[in-house]
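Hello,

Here is the structure I promised to pass on. Please open it next to this email; my notes follow below.

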Amino acid sequence: MTAGEGVLGELAGFVAADARWQDPALMHHAKRAVIDWLAAIFPGTRYAPSPQLVAALGDERGQGRSALVGIGSTAFAASAAWVNGTASHAAELDDIYREAVYHPGSPTVAAALAVAEDRGASGAAFLRAVAAGYEVAGRVGAAVQPAHSKLFHATGTLGCLGAATAAAMLLSPGRAEEIGHAIATAASFASGLQEAIRAETMTKPIHAGHAAAVGVRAAQAAAAGVTGAMAILDGPVGFAAALAGGEADWSRAREGLGERYVIASPTHKLYACCGHLFPVLDAVLALRAEYGIAAEEVAAVEVTTYQAALDATERFAPRSAYECKFSMPYVIAHALVYGSVGIDAFEAERVQSPELRALMARCALSGDPEMSAAFPSRRPARVRLVLADGRAVEHALSVRRGDPEAPLSDAELTEKYLGLATPVIGAARAQGLLDAVWRLEETGVEALGLAEIA
């Protein structure tokens, strides 16, 4: 395969040959991605459908060399990727690539880890694979959005491409043709429908796990000589034609290739809910802190934001914890009362709280055409709080905390990780694993010891 054979050929050729995967700065970003993935997966192992999928493995548990993270067992690589990809998306704490409107870490790191452990890969090879997976899927996603997300859950679809790239980088390092065939095969199995997000089912997190497993199997097949359709992304009946109504701008996939890297610009989540809610939450919490506002002082909440956020989260009567994670009025009310929206925001007593329900009824939400036009590259919001004494205060923003323009520091990312991992695996193990990730380029993935941690 040469760099001139369409979008897929260019991307596969690039990730196979690019020497900058060794760059210390990119390796550092890849470590941050792994730390954030671990922060998401440990609580996620306790959420449905993670326990159910582990049970579904049956006799396969204890086989293979790939860890079932947080379970203290192993499975064959594709099955481990399936379970781990699902668990890391289950608690709604995994990272975001804004331009592609998807969560790259859950499928990409799950696939890379499963193959790296199966093959006893070096930590450096694992980190390069993660970075390459982010690159391919993120660039394809930027080209097909926002049309793609009208019907499809991009973490399930684009995730297949990122997972296949990462797995192929480990199984077929430097071999552009095999990497391309892995991506091409995975693209045929890209799936995940928006209806599964809007209904309360266990399917949404499995989209990420399915993508991870598809990527592993596609890379294994390509390494054994299985070929795929090289025009699968931009062909007349390919990925963009079928999954984005033909609305793709492939210049976005090529723009800055080799100069700007997706792994360097994710959004790291601070709230345990849908990322569309973050700009509104940032604004609400900023007003609460700046003016010392108590929830009982708030007579009305007026929100103006981009329409895609409202399409996903305009729920005034959420019935469950899951629906509350996609309810703008609920998270606004919780932020006003408690000053945060963490995992505890979705405990049963809070979900049914009369105080929160009363505050939700005071919210008014509206979409703005100019803000909507900025999506997905910007996620603007404006919040106006009208107080019982007649005062009104307002805060507007276009960048969320955790976005590439306002990234979490290493210390803030560490705080997030320790806060989520420690309750599940204990302080000593959480700290030891963190230290091992920061040293990964000097060791092999076996140094993480994930198969022994439960």
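The protein chain has a radius of gyration of 21 Å, and a compact globule of 454 residues would come out near 22 Å, so the two agree. Keep in mind that this is a predicted model.

First, the overall build. The C-alpha trace spans about 70 × 50 × 40 Å along its principal axes. The protein chain holds 21 helices and six strands. Of its 454 residues, 60% count as buried.

Contacts reach far along the sequence. Take those with a separation of 6 or more: 75% of them join residues 24 or more positions apart.

Next, the surface and the charges. The accessible surface comes to about 15,900 Å². Carbon and sulfur atoms make up 53% of that surface. The chain carries 36 positive and 49 negative charges. Their mean positions lie 2 Å apart.

One residue I looked at in detail is His103. It sits in the loop between α4 (77–90) and α5 (105–119). Is His103 buried or exposed? Its relative accessibility is 11%. The cut-off for buried is under 20%, so His103 counts as buried.

What does the side chain of His103 meet? One of its polar atoms lies 3.5 Å from the backbone oxygen of Asp94. Asp94 also appears among the contacts of His103 beyond four places in sequence. The others on that list are His89, Asp95, Ile96, Thr155 and Lys269.

Best wishes

How values were computed
Residues numbered from 1 in each chain as written. Predicted model: local features only at pLDDT ≥ 70, side-chain atom pairs only at ≥ 80, totals over all residues. Heavy atoms only, no water. Helix = DSSP H or I, 4+ residues; strand = E, 2+ residues; numbered from the N terminus. Rg over C-alpha atoms; globule rule 2.2 N^0.38 Å. Buried < 20%, exposed > 50% of the residue type's maximum accessible area, 1.4 Å probe, protein only. Contact = heavy atoms within 4.5 Å. Areas by Shrake-Rupley, 256 points an atom, 1.4 Å probe, with all protein chains shown as cover. Lys, Arg positive; Asp, Glu negative; His and termini not counted. Charge placed at Lys NZ, Arg CZ, Asp CG, Glu CD. Polar contact = N/O pair within 3.5 Å; in protein donor to acceptor, adjacent residues only side chain to side chain.
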